[in-house]
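Okay, thanks for coming, everyone. I'll put the structure up and then walk you through a few spots in it.

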Amino acid sequence: MRKLRWAMDAAGFWDLDLSTPVTLDGQARPVPGDPLPLGASRSPRLSMPGQVDFFQRFMAAPFVPSLVAGRGFLLQRALSLNLRENWFTTLLGQLNVQKLISSIRNKESVHPSESSWHQTVRRHLSDKSLYALNLCSELLLTPEDILLVSLEAHGDVKTARKKAVLHHKFPQHDLTVEAALPGLYIDQLGNYWDVPFALAFDLASVASESGISYHLLVNHNTGSPKQCQGQQPAKEIPPSLLPGLCAKGAVSLTKSVDLWRSEAPLLKMVQPYDILLSSPHISASGTLGSVVSAYLGENSIRSQSEDGLPAFKNFSLRAQGANAALSADLFASFSLTAQHGNFQKPYLDLTRLHARLLIPSGSNFISGAVSVARDLYKSQIPITEAIQAVCPNVMLSFQQQIAGPFSLRVDSEIAIDFKDFRPRVKNPVFALEHSLPVLGSAKAVAWYSPNQQEFMVELRFFES
């Protein structure tokens, strides 16, 4: 749910930027894996300041709320300026409501004041640590080029965030060049990291439901990564965030098949709430691909947790030097989608289930399978790490219409607890979606992540 579906990717394999309320920019890159995941082809979308302005103008929302662990409840409001036909600037402001209320309560309990309630609130509102500002400017250079520049400052943080992003659309490719000071990353444990300077070059073929696609990503990091404030200290810095240059290229083949699709006509004179969710069907898709990764610098060093078992090393296609590394791997995914209803009727006209199996590393999968087979052949109990390597990552998504354009959605990973071999729900995300039929396929999504203790409201376009 927190992943931004920048491009229609039937396999859903690429690890995309994540939505996050931690910054006003609303985005965080995933920490690159070894050798996967890659970045994604990120075609232009509405910036977070632009989204808040949209909620104010067209959905009568005076403020847009969010929730961040360690900061509390926040309110955002935007002011937009159209400088020219091709130049848009938006100023997004944020108020930490929970911190404001706490400061008033704490001061009144220690030093009771005879001032009126309005005077007390006005005095506390002068505290600059309650506020954050993001100035975002979007310039349409040509019909194919968009330049986005943003500057973000928090009253309780000394370092300002700066970002510049250039999007270019080729006939069959998407190009993104991004520079961030600092770059915000999130690892698999939910820890946020700031890299002093991050530069990324991303070129990808336009995604399609079936066929061959390829992807090139070059990423350069400088400076020592630091964990963001207000989080529990992590055991180690992710090696891929250390200073250095990383280049990755991948080629994949995707095949999608409709197992069943309803041929019943839609209701006449009734527009579906979402055009992409208007056809009942059962479909499956599979992806098989390979990736080659090259590292130059400190980021070529692997952490102890990435080394795995000695039995796995024999199948790892990796060459390690003093300050460089080269690796190759396979990946695969399989997904199944089932939908009932046309999303036209006022009640319960959409039930959708999506399941996805991911094998992010073919070398680990083969190594684990060989290790399990060897142990079984010798009448030995397979080791837990080998069984984990064989088991694919499982992701489930369930969506149910409640009434009109409103629907509930739950996304979650399913992990096996190898102590008792029982499935466990991992990183669930709950969302309330409000489809916007006027825009064809768009929706306002309010999601909550219990593990991250984050809540956010955002717009999604052309996402099923």
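Before I get to who sits opposite whom, one bit of vocabulary: I'm calling two strands paired if DSSP finds at least two bridges between them. And keep in mind that this is a predicted model.

So, start with strand β11, residues 192-195. Its neighbour on one side of the story is strand β14, residues 226-227. Two bridges join β11 to β14, and the strands run antiparallel. Look at Trp-193 there: standing opposite this residue is Gln-227 in β14.

β11 has another partner, β10, which covers residues 183-186. That pair is antiparallel too, with four bridges joining the strands. If you want one to find on screen, Gly-183 has Val-195 in β11 as its bridge partner. β10 and β11 make a hairpin, with five residues between them. In that turn, have a look at Gly-190, where phi is positive, about 90°.

Now, which way do the side chains of β11 point? Tyr-192 and Asp-194 go one way, while Trp-193 and Val-195 go the other. And are they buried or exposed? All of them are buried, Asp-194 included.

Staying around here, let's move on to the second largest pocket. There's about 920 Å³ of space in it. The elements giving two or more residues to its lining are β11 and β14, so that's our strand pair again, as joined by those two bridges. How many residues line this pocket? The count is 32, and nearest the centre are Arg-71, Cys-228, Gln-229, Gly-230 and Gln-231. By type, the lining splits into 14 polar, eleven nonpolar and seven charged residues.

Since a cysteine just came up, a quick word on disulfides. A disulfide is a covalent bond between the sulfur atoms of two cysteines. How many does the structure hold? Zero. As for how accessible a couple of the cysteines are, Cys-246 has a relative accessible area of 10%, so it counts as buried. Cys-391 comes out at 32%, which makes that residue partly exposed.

Last stop, helix α6, which takes in residues 362-377. The residue I'd like you to find there is Ile-366. Its relative accessible area is 43%, and since exposed would need over 50%, Ile-366 is called partly exposed. Ile-366 and Ala-389 are 23 residues apart along the chain, and their C-alpha atoms are separated by 8.3 Å.

That's what I had, so over to you.

Conventions:
Residues are numbered from 1 along each chain as its sequence is written. This is a predicted model: local features need pLDDT of at least 70, side-chain atom pairs count only at pLDDT 80 or more; totals for chains, interfaces and linings use all residues. Side-chain values use heavy atoms; hydrogens and water are left out. Buried means under 20% relative accessible area, exposed over 50%, partly exposed in between (1.4 Å probe, protein chains only). A disulfide is a pair of cysteine sulfur atoms within 2.5 Å. On a 1 Å grid over the protein atoms alone, a cavity is a set of points where a 1.4 Å probe fits but cannot get out, and a pocket is an open set with protein on both sides within 12 Å along at least five of seven lines; lining residues have an atom within 4 Å of a point. Grid points are joined across faces, edges and corners, and a volume is the space filled by probe spheres set on the points. Ala, Val, Leu, Ile, Met, Phe, Trp, Tyr, Cys and Pro count as nonpolar, Asp, Glu, Lys and Arg as charged, and the others, Gly among them, as polar.
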